[in-house]
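I opened this entry to keep track of what I looked up. The sequence and structure go in here first.

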Amino acid sequence: MGPDFSLALNEDLAEELDAEASSIAVVDGRIAAACLVYRDSTPPVVTAETVAHTTPDGELLVEGCVRRSLEVLADRGTDDGHVSDPHFLPVWTRLSPDGRWFHLVEVPADGPG
């Protein structure tokens with residue numbers, strides 16, 4: 001993403017992010033995947049992705065992050081799902097979530113147009 005977009009995306013992130021429910025996978029001291037839970041909506045929005053399309057074991061890392069975040073939300077009595085990552089579909093299939101509160105949205109990396 002371009003620098004202007006990343007600044008706008010990260011603006012007020014600390015206030016919007018549910019740090020307790022969000023999860024990251026760290027490999028060799030670097031973040032390799034994340035499941036971020038946003039508390040600025042009800043139910044919360046959940047995103048999951050790797051930091052790079054070529055992340056080794058990206059699918060497993062995303063799965064671990066998603067499982068942990070969904071468990072935290074389930075313990076609270078809330079769940080939600082949102083996806084934009086090439087590793088997520090296999091994870092989603094294995095987890096087999098159901099319910100009217102799951103909404104899948106794919107956001108193109110290069111944006112609209």
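Before anything else, I fixed my cut-off: a residue counts as exposed over 50% relative accessible area and as buried under 20%. I also noted that this is a predicted model.

**Val51.** Is Val51 buried or exposed? I looked up its relative accessible area and found 58%. The cut-off for exposed is over 50%, so Val51 is exposed. I then checked where Val51 sits. Its place is the loop between strand S3 (45–50) and helix H3 (58–76).

**The patch.** Which residues join Val51 in a nonpolar patch on the surface? I found Ile24, Val26 and Ile31. Together, the four residues have about 370 Å² of accessible area.

**The strands before the loop.** I followed S3 back to its partner. Strand S2 (residues 30–38) pairs with S3 in the antiparallel sense, over 6 bridges. I picked out one pair: Leu36 has Thr47 in S3 as its bridge partner. The two strands form a hairpin, and 6 residues lie between S2 and S3.

**The whole chain.** I counted 4 helices and 3 strands. From the N terminus, their order reads α-α-β-β-β-α-α. The protein chain has 113 residues, and 34% of them count as buried. I looked up the exposed area of the chain as well: about 7400 Å², with 56% of it supplied by carbon and sulfur atoms. Last, I checked contacts between residues at least 6 apart in sequence. Of these, 48% join residues at least 24 apart.

How values were computed:
Residues are numbered from 1 along each chain as its sequence is written. This is a predicted model: local features need pLDDT of at least 70, side-chain atom pairs count only at pLDDT 80 or more; totals for chains, interfaces and linings use all residues. Side-chain values use heavy atoms; hydrogens and water are left out. Patches are made of residues with over 30% relative accessible area and no salt bridge: like charges are joined within 9 Å, nonpolar side chains (Val, Leu, Ile, Met, Phe, Trp, Tyr) within 5 Å. Accessible areas come from the Shrake-Rupley method with a 1.4 Å probe; for residues, only the protein chains shown count as cover. A salt bridge is a side-chain nitrogen of Lys or Arg within 4 Å of a carboxyl oxygen of Asp or Glu. Buried means under 20% relative accessible area, exposed over 50%, partly exposed in between (1.4 Å probe, protein chains only). Contact means heavy atoms within 4.5 Å. Two strands pair if DSSP finds at least two bridges between them.
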